[in-house]
Amino acid sequence: MRHLDTDVAVIGGGAAGIGAAIAAAKTGARTVLVEAGPMLGGELLSGMSVDGVLNARGEWVVRGVAEEIFEECRQMQGFIGPLHDFRLICYVCCDPEVLKLAIPRVLARYGVQVILYSQVSETYSDNGEVEAVVISHRDSRTLLTARYFVDASGDGDVAVQAGAPFEISDASGDLQPLSLMFRMSGVENAPFLDFVRDNAASLAVGESDYVRGGRSDEELAQAIHAQGAPSVFFKGNGPFLGGAIQRGDMFPTALIMIMPTSEARKEVCVNATRVAENIMGTDAAAVSAAMPLLTEQVWQAARFLKENVPGFENAAFAGVAPRIGIRETRRIMGEYVLTGEDCRTGRKMRDVVTKGAHHIDIHQEGIKQVRIPVENGGSYDIPWQSLIPQGLKNLVVAGRCMSSTREANGTTRMMGQCLGMGHAAGTAAAMAVSGELADIRKLPLDRLQATLREQGAVLEGTH
């Protein structure tokens, strides 16, 4: 077995992992990033908008490392920018093909050592200290030792193997559906937006008091048209999509979400598919079994758009996300468990290390979906203690597996929050290494927050 030693080991190369690896390296730590797949970025490569980096007011709530990635995309002509959905949120859109290049470029700039096609198969820990993990490759295994670990696996793999407590679902036993994003190119924007403007009753708009602002659905549809970007949500219980579901032209779904991915290719991403069978995302066989239905749904949705939506008549199927989207698995229990009330009331906390702004979003079967906005178009704080697993000294979690209730997880799982948590976790781990701290809890909070501010993170000053 090979042996590799480093200061900070980041497990998982999705949004949280790349945020953590960049932050750890720029804070001075030798950093290794381990990713199970062939590319870095996770759901950032799906074509979906990066939700949660702005609140509904358009205030940036996640900057720092996230902004560095966006700037790299801008330099490579792959940044579309912030848009409003006139439903609940603002978000950022980027070209996923450019992101495939931009993310490795930023990581390389800071000297992060990347190991692809590799996943953690074993974790060695003693008395709350993670000593090493075994990463399995196609042809060999490596013993990876580090002073500090960041679990950005999405599923909390390392934390669980090291003995951290965790929860799955809640008393309902439900798990959110699996989805598969896809893209279509050659979409003509002008006729599409005219169709949107003229079919206000079919749109999901004004779902919070702040966003609605006393406006009618027709006025909000006009605002989408005036924005000039294909950023639209057709609702499953509206006359357009609901009628198609009743006729059998579309499968039951809560929304067809359309957002731009490339102006040059006239390309959009479509989020519509769902397999709601309470599939646990760590069950490879069950996730794999969902692929045939998801691919059929992709093709049905693409055909439906071409046949029924002006502007899509000559559109071409342009690509599918590199992996099935998993919304919910394990949640590691930390020193603080973030609650739904914390999120929807926009609670501010003393030990804030990043922020969130996306509504609580819990997908369900058929056309059902829970969507609860953050009050007054604002944001909530994600506290440092929610990234520290109970019982572990030198491991920090970031991303979907952070410490929260199921309701809170419906907002903290967003890519913007994952980038922000990764930034905080990576910076903290590197500071703990340089300070020769045996327990992450000994890291002075004021020093961590000061460093995050210096690195561009947003900790205060927003609604």
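Start with the second largest pocket of this predicted model: β4 (79–84), β13 (255–262) and β14 (267–271) each put at least two residues into its lining. In all, 13 residues line the pocket, and Asn189, Pro230, Pro260, Ser262 and Glu263 are the ones nearest its centre. The space inside comes to about 180 Å³. If you sort the lining of this pocket by class, you get seven nonpolar, three polar and three charged residues.

One of those strands, β4, also belongs to a small sheet. Three strands make up this open sheet, in the order β3-β5-β4, with antiparallel pairing. β3 (50–51) and β4 are the edge strands, and each has a single partner, so one side of each has no neighbour in the sheet. Between β4 and β5 (residues 90–94) there are five bridges, and the two strands run antiparallel. Phe79, for instance, has Cys94 in β5 as its bridge partner. Phe79 has company from a charge as well: the charged end of Arg74 sits over its ring, 4.3 Å from the ring centre. Arg330 does something of the kind with Phe166, its charged end sitting over that ring at 5.8 Å from the centre.

On to the rings themselves. The structure has 10 aromatic pairs. Take Trp299 and Phe317: their ring centres are 5.6 Å apart and their planes make an angle of 70 degrees, which is over the 60 degrees needed, so this pair counts as edge-to-face. The pair ties together distant parts of the chain, with Trp299 in helix α9 (residues 284–308) and Phe317 in strand β15 (residues 316–320), 18 residues apart. Is Phe317 buried or exposed? Neither, quite: its relative accessible area is 36%, so Phe317 is partly exposed. Elsewhere, six phenylalanines gather into one aromatic cluster: Phe192, Phe195, Phe234, Phe240, Phe304 and Phe312.

Next, a hairpin. β18 (residues 360–363) is covered on both faces, with Ile360 and Ile362 buried on one side and Asp361 and His363 buried on the other. Its partner is β19 (residues 369–372), paired with β18 in the antiparallel sense over four bridges. Ile360 has Ile372 as its bridge partner in β19. Five residues lie between the two strands of the hairpin, and Gly366 in the turn has a positive phi of about 60 degrees.

Finally, the closed spaces. How many cavities of 30 Å³ or more are there? The count is two. Here is how they look side by side:

| Cavity | Volume | Lining residues | Lining by class |
|---|---|---|---|
| Largest | about 40 Å³ | Ala56, Leu88, Ser208, Ala357, His359, Pro373, Val374, Gly377, Gly378 | five nonpolar, four polar, no charged |
| Second largest | about 40 Å³ | Val62, Arg63, Val353, Thr354, Gly420, His423, Ala457, Val458 | four nonpolar, three polar, one charged |

For the second largest cavity, β17 (352–356) and α12 (415–434) are the elements that give two or more residues to the lining. Arg63 is among the residues lining that cavity, whose lining has one charged residue. The lining of the largest cavity has no charged residues.

How values were computed:
Residues numbered from 1 in each chain as written. Predicted model: local features only at pLDDT ≥ 70, side-chain atom pairs only at ≥ 80, totals over all residues. Heavy atoms only, no water. Buried < 20%, exposed > 50% of the residue type's maximum accessible area, 1.4 Å probe, protein only. Pairing = 2+ DSSP bridges. Phe/Tyr/Trp six-rings, centres within 6.5 Å; stacked < 30°, edge-to-face > 60°. Lys NZ or Arg CZ within 6 Å of the ring centre and 35° of its normal. 1 Å grid on protein atoms, 1.4 Å probe; cavity = no way out; pocket = protein on both sides within 12 Å on 5 of 7 lines; lining within 4 Å. Points joined across faces, edges and corners; volume = space filled by probe spheres on them. Nonpolar A, V, L, I, M, F, W, Y, C, P; charged D, E, K, R; others polar.
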